[in-house]
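Work through the following exercises on the contact between two chains, with the sequence and the model open beside the text.

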Amino acid sequence: MSIDSVFVHKMWNDNELSKMVKGGVPFPMLSDAGGKVGSVYGIYDEDAGVETRGRFIIDPDGIVQGFEVLTPPVGRNVNESLRQIQAFQLVRKSKGTEATPSGWRPGKMTLKPGPDLVGRVWEVWKTEMAFD
Amino acid sequence: MPDEIKAGCARPTGGPVGESKKETPYQEESITKETAAMIKVGRKAPDFTAPAYFQGKFINIQLSEYLGKWVVLCFYPGDFTFV
């Protein structure tokens, strides 16, 4: 979503993005003239008249599970967004009985918070597991 | 499901759904605005409608039509802006 019109979206998709992604952009490119939606989401820069790089993960109940906002010159990390979605999906599937520690990615161990785990995370989770 | 929009000369626009803006005295406006702009994790994502370009068509999107699915909502500064 940006402040551009749907007509500009079409031109950008047809003339540039479709040369990067076969078949063009696979999701709707939304138009937010005047930054009305961006203002509600707190990412519209009124001075510049454009939206900043806000990214919101919304679950099937319409609840915001996470967001990230960057200034324009720095691009996002799509892999990190995917990792977060996978983590939120795992937590949801476990009905909150599991949690994903720092550095978790699919296949890595999860934590099962409860009285037995208090003060004993150091036994099952090592600092190196936060990196890689 | 999303309605298709006829491409006319007027630029189609959308906006937040529900909660119409109340008239507030000028001084309070900035405070009200900032409060409204607070998004919190664990809270409902504000619903909105927006025109969109999708696979050769102009359509209308409403966020609440995606209930039951995971949604990634991305904002960016503008088309053709490099990053």
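**Exercise 1.** Find how much area chain A and chain B bury between them, and which three residues of chain A supply more of the area that chain A buries than any other three.

Solution. Take buried area as the accessible area (1.4 Å probe) that two parts lose on being put together, summed over both; for chain A and chain B this comes to about 4700 Å², with 67% of it on carbon and sulfur atoms. Next, turn to the side of chain A, where Met1(A), Trp12(A) and Tyr41(A) supply 13% of the area buried against chain B, more than any other three residues. This is a predicted model, in which local features need pLDDT of at least 70 and side-chain atom pairs count only at pLDDT 80 or more, while totals for chains, interfaces and linings use all residues. Residues are numbered from 1 along each chain as its sequence is written, chains are lettered from A in the order in which they are written, and side-chain values use heavy atoms, with hydrogens and water left out.

**Exercise 2.** State how many residues of each chain are in contact, and which element gives the most to the side of chain A that touches chain B.

Solution. With contact meaning heavy atoms within 4.5 Å, 59 residues of chain A meet 47 residues of chain B. The rule finds 0 salt bridges across the interface, a salt bridge being a side-chain nitrogen of Lys or Arg within 4 Å of a carboxyl oxygen of Asp or Glu. Among helices (H or I, at least four residues) and strands (E, at least two), taken as DSSP runs numbered from the N terminus, α1(A) gives the most, with 10 residues.
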